[in-house]
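This report describes one protein chain for a reader at the bench. Please keep the sequence and the three-dimensional view at hand while reading.

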Amino acid sequence: MDLEAALIADFTDPLTPARRRRKTALSLASFGSPAALRTLAMALAAGTDRRTAAIAERAFAPGAGVVAAEALSEALVETGSPRLTTLAAASVNDLPEPGARALVHFLAGKFDRYDEYDPGGDELRTLHDLAGDRLRILLAERARAGHRVDWALVATREPHRMIDPEWQAAVEVLASAERWPSLWDLLPHATPVHGLRIVTALANAGWQPSGDRARRALAELGPLARECAVDAETGALALAPVVLTQHPAWVTGLAVTADSALLVSGDYDGGVRLWQLPSGTPAGTLDAGPGLWSLAVTPDGSLLATGEHRGPVWLWRLPSREQIGPISGAGFGTASLTVSPDGRLLIGGSSDTKVCVWKLPDGAPAKPLTGHEGGVWSVTVSPDGKLLATGDDHRTVRLWELPAGTPAGTLSSSHGGVVTALVTTPDGKAVISADSGMTARVSPILERPGEVRVLLAESHLWSLAVSPDGGLLAGGEQRGTVRLWHLPGGEPAGVLRGHRGPVRELAITPDGSTLITGGKDGTVRLWPLALLRASRTPATDIDVDRLPPDTPATAFVAALARHARSRTS
């Protein structure tokens with residue numbers, strides 16, 4: 001390895017001490033080669049300490065030369081970094097190629113100079129076709145600010161490749177320029193969120209497309225659009241949950257049968273209610289006694305288990321609601337219950353540090369699992385039924401092999417408080433744990449077990465639920481909000497509001513259509529996840545049959561899907 005390569009390797013090594021990294025930055029700047037300068041530019045784009053950044057910025061000062069300007073321009077195209085944009089604009093005259101100057105001027109928002117260098121838009125088309133997401137976002141931001149119709153026409157050539165910031169900018173730019181036919185042509189390719197913006201703009205302008213069929217479609221969509229709105233926090237059509245209000249106390253348990261047809265909810269006063277899904281129609285009640293703290297239902301819906309704060313675990317037959325009686329072997333207070341996917345084991349975490357196991361359907365106790373040093377607040381079983389995860393109030397998550405109950409290790413993640421909730425991803429590759437320290441942790445258990453992803457909440461997390469496709473995680477917060485994240489990356493997906501007080505319980509139906517939340521305010525809310533997904537799906541690809549019935553948003557999405565398919569078929 002030559003000296004330059006060694007310096008680059010040392011500079012990019014995250015374990016290199018800051019002082020040595022600064023000395024290496026000086027050496028790279030003095031080399032002045034394309035590779036050395038590109039390394040410094042990429043460090044600026046990624047973010048580095050203030051003193052190292054100052055060294056790198058001096059290497060790209062105006063007049064530094066062609067090699068520095070070209071390295072900076074290439075890194076800018078690759079990263080879309082606003083910081084590099086400012087530096088490149090200052091040294092743009094060092095670039096020998098007119099096309100490169102044109103692109104820097106566009107990214108810097110100097111459109112009068114851009115127009116001089118790229119009057120036909122060829123460079124912009126080439127750049128857009130080669131750009132990654134970060135650069136496309138920067139292009140969209142600049143075009144939106146400058147009302148650049150030329151960019152909008154370039155970006156909308158291939159609607160299926162457009163990302164959300166491009167859609168938002170293109171609709172705004174075309175509407176401000178009154179390019180109504182272009183917006184109408186874009187509509188069949190839009191998601192409902194962007195379709196709503198397009199239809200609203202066309203209707204407000206009073207524009208009419210040519211042809212009776214097209215005019216009828218817009219006449220149908222316009223009034224429906226007026227009944228809808230986009231939720232700024234989720235970026236989806238505003239979701240109107242079904243609110244079930246018959247619990248007089250804190251909702252402390254939720255469970256759904258495997259066919260997604262029956263919901264069971266329980267409250268701290270011991271009231272257990274059954275509901276038909278997806279409508280939320282009441283289907284019966286039973287009294288489980290005061291202090292109900294957890295419940296679980298078998299996948300086939302034939303048995304219900306309820307656990308008390310300071311009492312036994314009870315079994316009930318469903319749908320008859322017949323009480324079978326308490327089962328022996330429970331610890332002092334059962335904070336959490338779950339049933340294995342095959343319905344053969346009931347598992348409970350107790351406040352006396354034990355993990356209790358019972359065989360179903362008779363409730364015969366098996367040997368409890370020991371090893372926790374604190375009360376066990378949360379339990380979850382992997383989809384294949386072979387792994388159990390348990391979390392306690394000593395910030396520890398333990399793993400066990402099922403059905404034997406053999407210890408299988410402790411997760412390496414260090415929680416900031418009580419482990420309040422656990423779920424396993426549908427592929428069985430990770431355990432997600434929540435704590436009272438306002439974090440959720442995605443801990444791989446099959447691949448790269450050391451790489452823990454930390455997701456931040458804004459208050460104490462009480463509960464978790466993951467969608468059946470593994471693409472969405474929900475967390476119930478102390479402040480009454482439900483925070484959403486995209487998986488596997490952990491990007492924020494918005495916030496659902498409505499509960500007054502902590503959201504202790506969450507569940508997602510096995511068919512993925514509904515997110516169910518239960519709070520201290522005594523309400524259970526049914527959120528239409530199918531509509532949330534449809535909001536981000538191109539209209540031609542939406543499964544209308546999975547949408548919730550009888551809502552304005554559903555009517556708009558269904559009409560948009562019909563229109564899109566009729567125009568693209």
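In this report, buried means under 20% relative accessible area, exposed means over 50%, and partly exposed lies in between, with a 1.4 Å probe and protein chains only. The model is predicted, so that local features need pLDDT of at least 70 and side-chain atom pairs count only at pLDDT 80 or more, while totals for chains, interfaces and linings use all residues. Residues are numbered from 1 along each chain as its sequence is written, and side-chain values use heavy atoms, with hydrogens and water left out.

## Overall build

The chain has 17 helices and 28 strands; these are DSSP runs numbered from the N terminus, with helices taken as H or I of at least four residues and strands as E of at least two. Its C-alpha trace spans about 85 × 70 × 35 Å along the principal axes. Of the 569 residues of the chain, 54% count as buried. Contact means heavy atoms within 4.5 Å, and among the contacts in the chain with a separation of 6 or more, residues 24 or more positions apart account for 47%.

## The first helix

Helix α1, residues 3–12, has as its buried residues Glu4, Leu7, Ile8, Asp10 and Phe11. Seen down the axis of α1, these buried residues fall within an arc of 165°, so they line one face of the helix; the arc is that of the directions from the helix axis to the C-beta atoms. The buried residues of α1 pack against α2 (18–31), α3 (34–46) and α4 (50–59). Phenylalanine 11 also has a charged partner, since the charged end of arginine 21 sits over its ring, 4.1 Å from the centre. For such an arrangement, NZ of Lys or CZ of Arg must be within 6 Å of the ring centre and within 35 degrees of the ring normal.

## Aromatic pairs

A search of the whole structure finds 5 aromatic pairs. Rings of Phe, Tyr and Trp (its six-membered ring) pair if their centres lie within 6.5 Å, and planes under 30 degrees apart count as stacked, over 60 as edge-to-face and the rest as tilted. In one of these pairs, the rings of tryptophan 184 and tryptophan 207 have their centres 6.2 Å apart and their planes at 55°, so the pair is tilted. This pair links distant parts of the chain, with tryptophan 184 in helix α13 (residues 180–186) and tryptophan 207 in the loop between α14 (192–205) and α15 (212–226), 23 residues apart. Tryptophan 184 counts as buried at 7% relative accessibility, and tryptophan 207 is buried with a relative accessible area of 19%.

The rings of tyrosine 268 and tryptophan 293 have their centres 5.5 Å apart and their planes at 80°, so this pair is edge-to-face. Here too distant parts of the chain are linked, because tyrosine 268 lies in the loop between β3 (262–267) and β4 (271–276) and tryptophan 293 in strand β6 (residues 292–297), 25 residues apart. Tyrosine 268 is partly exposed, with a relative accessible area of 29%, whereas tryptophan 293 is buried at 12%. The charged end of arginine 504 sits over the ring of tryptophan 293, 4.0 Å from its centre. Elsewhere, ring pairs link Phe106, Phe111 and Tyr114 into a cluster.

## Backbone details

Two cis peptide bonds are tabulated here, each with its omega value and the place of its proline.

| Peptide bond | Omega | Place of the proline |
|---|---|---|
| Leucine 277 to proline 278, cis | near 10° | loop between β4 and β5 (281–287) |
| Leucine 402 to proline 403, cis | near 5° | loop between β16 (397–401) and β17 (406–410) |

Histidine 147, a residue other than glycine, has a positive phi near 50°. Histidine 147 is found in the loop between α10 (133–146) and α11 (149–155) and is partly exposed, with a relative accessible area of 47%. Serine 260 likewise has a positive phi, of about 60°, although it is not a glycine. Serine 260 has its place in the loop between β2 (251–256) and β3 and counts as buried at 7% relative accessibility.

## Annotated repeats

The unreviewed UniProt entry carries the annotation "repeat: WD" over residues 244–285, 327–368, 369–410 and 496–537; positions are in the numbering used here, feature names are shortened, and annotations may be inferred rather than shown by experiment. Over residues 244–285 the chain is 0% helix and 57% strand, with the end C-alpha atoms 14 Å apart. Over residues 496–537 the chain is 17% helix and 43% strand, and the end C-alpha atoms are 20 Å apart.

## Cysteines

A search of the whole structure finds 0 disulfides, a disulfide being a pair of cysteine sulfur atoms within 2.5 Å. Cysteine 228 counts as buried at 15% relative accessibility, and cysteine 356 is buried with a relative accessible area of 2%.
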